[in-house]
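Please look through the sequence and the structure shown here before reading the report. The report is written for a reader who is meeting such structures early in their studies.

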Amino acid sequence: MVEFYRPQTLEEALQIRAEKHATPLAGGTDLLVRYRNWAGTLPKLSNSVVYVGHLPELGGIGVSGNGVGPEIRIGAAVTYSELLAHPSIPEILKRASWELSAPGLRNIATLVGNICNASPAADAVCALYVLDAEVEISGPKEPRRVPLHEFIQGPGKTVLKNNELVTAVYLPSSSLPITAYHKVGTRRANALSKLSFCGVAKLESGSVAGVAIAVGAVAPTVVRSREIEQRITGLRLDDIEASMADIMAGYDELIKPIDDQRSTAVYRKQTAHGLIERFLREEIRGAS
Amino acid sequence: MHEIQFTLNGSPVTVKANPLKRLIDVLREDLGMTGVKEGCGEGECGACSILRNGKIVNSCIMLVGMVEGDDILTPEGLSAGKRGKAINEGYAQAGAVQCGICMPGMAIATEALLRENPTPNDHEIRVGISGNLCRCTGYDLIVKGVHRAAELGKDLW
């Protein structure tokens, strides 16, 4: 029997996770589309759900010092509208949040919900990769933190156990001010992306002092290579072109898109290459 | 079956329903709020828009168990008030209504927009209604309708 649980506290929610292994539901904008059914009938949920969108312990955005710089904690029930209204959220995440949907979805959809669904096409998750986000997991043991790229294992697959809940996402202090974000899709509001691109960088006297590049929906998980970024770091802007073939050969290994109803592998690959090259040739110079 | 309580268009209601039932189905079938329309059924078209605690949401991808204790406004509740009348009149004067199925959702989106921004420009209106699809008008007349509604209801928002 599929049940709906509405706990009053985080402790109670964790207990329901431990005993019933119910699927957590915050906004439901992905879950209820996946399990949609005919009008007037119950959604085709295969598992009980535990509603967590109203829990006060999961609300709120906090900024604290962690020794290095400010660190931002985003509660698991925080919606995209709340993210957009907060002054401390990094530009790249705001850009992705703004473009990912219309007000009606942003008012209820949560960032952590997108992380837990682990879709390679989730625009805001792409932004979290370049921000080095960490996921906070609570369960029977002490809460622990896992880097986002380790938390997401593949399409729809994460390391979350069925007695645990994601309670927050942490963003370390971001030191890469140059920001480029591109969503390639058929409609700006609500449409899922064909692919998405996030690039952030910092320059010092004509050279790349730091860079992070992530591309969504071109592989089973968001593509980001610290190894290639290290090769770009230290290059003078005028020397990037000479290294471009080598850099792009590296990304070519990682960009393995598929054909689906939204786009084709050929289009995605070509567009991803184009966006990375444009970032390294133009946008990294800091026009935006 | 559970008893679920919330506020509907300003009055408290209690419904006996499975909390897994979609909010749109409870509003239309149990509570007679047929101004809430079902278009796509997956949160893309906005025909099922309502205000939940003052914020626009899609009732077709919500479960009724999620809104326990919340404040829900449907197109019926909106139309009954002065702001709703200004929106309806603004749309009528601009000739913004053709087949009509998107209109209750458009009116809710207009209310949500004008609450935050009583004098929106064209771009802000298009962002405000970006979650609502109209297959008839091409949107230009709807944008004019929102401008007209904002003028007619100048001191209401």
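The sections below turn to the domains of chain A, then to a pair of helices, and then to two residues with an uncommon backbone angle.

## The two domains of chain A

This is a predicted model, and the domain assignment of chain A gives two parts, with domain 1 covering residues 4–171 and domain 2 covering residues 178–285. Taken over C-alpha atoms, the centres of domain 1 of chain A and domain 2 of chain A are separated by 25 Å.

Where the two domains touch, 21 residues of domain 1 of chain A are in contact with 21 residues of domain 2 of chain A. On the side of domain 1 that touches domain 2, the elements giving two or more residues are α4 (91–99), α7 (123–130) and β8 (152–154) of chain A. Of these, α7(A) gives the most to that side, with six residues. Sorted by class, the residues on this side of domain 1 of chain A divide into 14 nonpolar, three polar and four charged.

## How α4 and α7 of chain A meet

Two of the elements just named, α4(A) and α7(A), also lie against each other: their axes come within 8 Å and cross at roughly 175°. Because angles over 145 degrees count as roughly antiparallel, α4(A) and α7(A) are roughly antiparallel to each other.

On the α4(A) side, the contact is made by Ile92(A), Leu93(A), Ala96(A), Ser97(A) and Glu99(A), while α7(A) brings Asp123(A), Ala124(A), Cys126(A), Ala127(A), Leu128(A) and Val130(A). By class, this contact of α4(A) with α7(A) has eight nonpolar, one polar and two charged residues.

## Two residues with a positive phi

In the loop between α6 (111–117) and α7 of chain A lies Ala118(A), which has a positive phi of about 55° although it is not a glycine. Is Ala118(A) buried or exposed? Ala118(A) has 20 C-beta neighbours inside 10 Å, and therefore it counts as buried, since the cut-off for a buried residue is 20 or more other C-beta atoms within 10 Å.

In chain B, the residue to look for is Asn53(B), found in the loop between β3 (49–52) and β4 (55–58). Asn53(B) is likewise not a glycine, and its phi is positive, at about 50°. Its surroundings are described by the count of 13 other C-beta atoms within 10 Å, so Asn53(B) is partly exposed.

Key. Residues numbered from 1 in each chain as written. Chains lettered and ligands numbered in written order. Predicted model: local features only at pLDDT ≥ 70, side-chain atom pairs only at ≥ 80, totals over all residues. Domains from an automatic or database assignment. Contact = placed C-beta atoms within 7 Å. Helix = DSSP H or I, 4+ residues; strand = E, 2+ residues; numbered from the N terminus. Nonpolar A, V, L, I, M, F, W, Y, C, P; charged D, E, K, R; others polar. Axes fitted to C-alpha atoms, helices over the stretch in contact; angles between N-to-C directions. Parallel < 35°, antiparallel > 145°, perpendicular 65-115°, else oblique. Buried ≥ 20, exposed ≤ 12 C-beta atoms within 10 Å, placed from the backbone.
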